[in-house]
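Hi there,

Here is the structure I promised to pass on to you. Have a look at it first, and then read on for my notes.

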Amino acid sequence: MRRAWEGLSRIVTSRAAVILVVIAVITLVLAGGATRLKFATGQDSYLNPGDKVSVDNRAYQALFGGQAMITVMTADPGKNVLDLFTAANRAKMVKLQAQLDRTQGVHSAATPLTAMNWNQALVAPAKGSKDPTSSVAGQILLSTTNRETSAARKKVRLDDANITLTRFSEAGVHSYDNPKWVQFLLFDNQGNIREALRPFFPTPPGVAPATHARIIVRLNGNQTTQQEGKASVAVTDAVRAVHFDGFTSFTTGAPTLLKHINDYLMGGMLVLGAIAVVVMVVVLALVFRVRSRLLPL
């Protein structure tokens with residue numbers, strides 16, 4: 001067995017040039033497969049396409065969109081969320097909303113102004129009426145109170161509804177230029193951010209002042225990592241280009257993280273491969289005291 005290995009070594013060393021050429025040709029042929037490598041960090045990486053959960057997930061994303069991008073808006077010292085609804089900031093949110101809506105790869109977007117508009121529509125009296133109880137929110141509260149079976153709980157609901165009606169009347173003009181109206185829309189009777197608005201104004205009960213708001217952007221569903229990455233960059237750039245008076249903003253989300261990971265893997269593997277070659281050259285040159293010591297490389 002030893003003689004066989006020695007004979008093979010003599011053949012290799014005597015025809016080193018030919019063997020290197022053959023190895024180089026084989027390496028180049030096999031290297032073509034490297035161009036078919038793909039990085040996948042989406043749902044399909046760990047779900048079989050035919051599985052029910054995968055099928056349902058694709059259907060869900062087709063209807064409601066895919067990953068979310070979140071922009072956190074933080075008030076400067078001495079400011080709070082009420083300062084977000086100045087005329088200048090509202091105009092910027094309207095413009096940003098329109099830009100996000102037409103951004104390729106974006107399914108839907110909602111700013112704090114969008115959330116406030118929803119809330120204002122709920123409390124607005126029915127068309128042709130000035131009675132606040134005719135609003136959608138008023139009708140919901142009346143219906144809930146009438147269905148209450150406990151006299152004590154019913155009294156609590158009625159007392160809270162009376163406070164709401166009083167605040168509604170005292171708020172004055174229903175305009176965002178009126179701070180009292182903005183305060184009525186944003187805060188409940190206990191002085192906390194209304195529960196339905198907390199996804200956009202994430203301040204828990206009992207914490208004051210409220211100094212944070214969110215812009216939520218939902219990207220199109222069933223996109224590739226590259227498509228999501230491109231859309232995430234477009235969203236981040238659009239938000240970064242807008243400065244809201246009295247606020248700083250920061251945008252992030254799973255699509256941004258996945259783009260960074262994907263870019264790192266694609267670039268990192270090339271760097272790692274180059275480092276590995278250098279390390280191998282150093283090891284072979286220093287450890288093996290023989291001719292053609294780099295041949296194994």
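Below is what I found, going from the whole chain to single residues.

Please keep in mind that this is a predicted model.

**The chain as a whole**

The protein chain contains ten helices and four strands. Starting at the N terminus, their order is α-α-α-β-α-β-α-α-α-α-β-α-β-α. If you turn the model around, you will see that the C-alpha trace spans about 105 × 45 × 35 Å along its principal axes. The radius of gyration tells a similar story: the protein chain has 32 Å, while a compact globule of 297 residues would have a value near 19 Å.

Of the 297 residues, 29% are buried. Among contacts with a separation of 6 or more, 63% are made by residues 24 or more positions apart. As for the surface, the protein chain exposes about 19100 Å², and 64% of that comes from carbon and sulfur atoms. Charged side chains number 32 positive and 19 negative, and the centres of these two sets are 13 Å apart.

**The nonpolar core**

Which residues have the most contacts inside the largest nonpolar core? They are Met 116, Phe 201, Val 217 and Phe 244, in a core of 41 residues. At least two residues of this core come from each of these elements: strand E1 (68-75), helix H4 (87-101), strand E2 (106-110), H5, helix H8 (179-186), strand E3 (212-219) and helix H9 (225-240). H8 gives the most, with five residues.

Met 116 is a good place to zoom in. You will find Met 116 in helix H5, which covers residues 112-123. Is Met 116 buried or exposed? Its relative accessible area is 0%, so Met 116 counts as buried. Setting aside neighbours within four places in sequence, Met 116 is in contact with Phe 85, Tyr 176, Val 182, Leu 185, Leu 186, Leu 197 and Phe 201. Another residue to look for from here is Phe 200: Met 116 and Phe 200 are 84 residues apart in sequence, yet their C-alpha atoms are 9.3 Å apart in space.

**Two backbone details**

Most peptide bonds are trans, and most residues other than glycine have a negative phi. Two spots in this model depart from that pattern.

One is the peptide bond between Ala 208 and Pro 209, which is cis, with omega at about -5°. Pro 209 sits in the loop between H8 and E3.

The other is Asn 222, which is not a glycine but has a positive phi of about 60°. Asn 222 belongs to the loop between E3 and H9. With a relative accessible area of 38%, Asn 222 is partly exposed.

**Next door, Gly 221**

Gly 221 is also in the loop between E3 and H9. Why does Gly 221 count as buried? The cut-off for buried is under 20% relative accessible area, and Gly 221 is buried because its relative accessibility is 19%. Beyond residues up to four places away in sequence, Gly 221 touches Gln 61, Gly 65 and Gly 66. Ala 124, by contrast, is 97 residues from Gly 221 in sequence, and the two C-alpha atoms are 34 Å apart.

If you would like a starting point in the viewer, try Met 116 in H5, and then move on to the loop between E3 and H9 that holds Asn 222.

Enjoy exploring, and best wishes!

How values were computed:
Residues are numbered from 1 along each chain as its sequence is written. This is a predicted model: local features need pLDDT of at least 70, side-chain atom pairs count only at pLDDT 80 or more; totals for chains, interfaces and linings use all residues. Side-chain values use heavy atoms; hydrogens and water are left out. The radius of gyration is taken over C-alpha atoms; the globule rule is 2.2 Å times the number of residues to the power 0.38. Buried means under 20% relative accessible area, exposed over 50%, partly exposed in between (1.4 Å probe, protein chains only). Contact means heavy atoms within 4.5 Å. Accessible areas come from the Shrake-Rupley method with a 1.4 Å probe; for residues, only the protein chains shown count as cover. Lys and Arg count as positive and Asp and Glu as negative; His and the chain ends are not counted. The place of a charge is taken as NZ of Lys, CZ of Arg, CG of Asp or CD of Glu. A nonpolar core is a set of buried Ala, Val, Leu, Ile, Met, Phe, Trp, Tyr and Cys residues joined through side-chain atoms within 4.5 Å.
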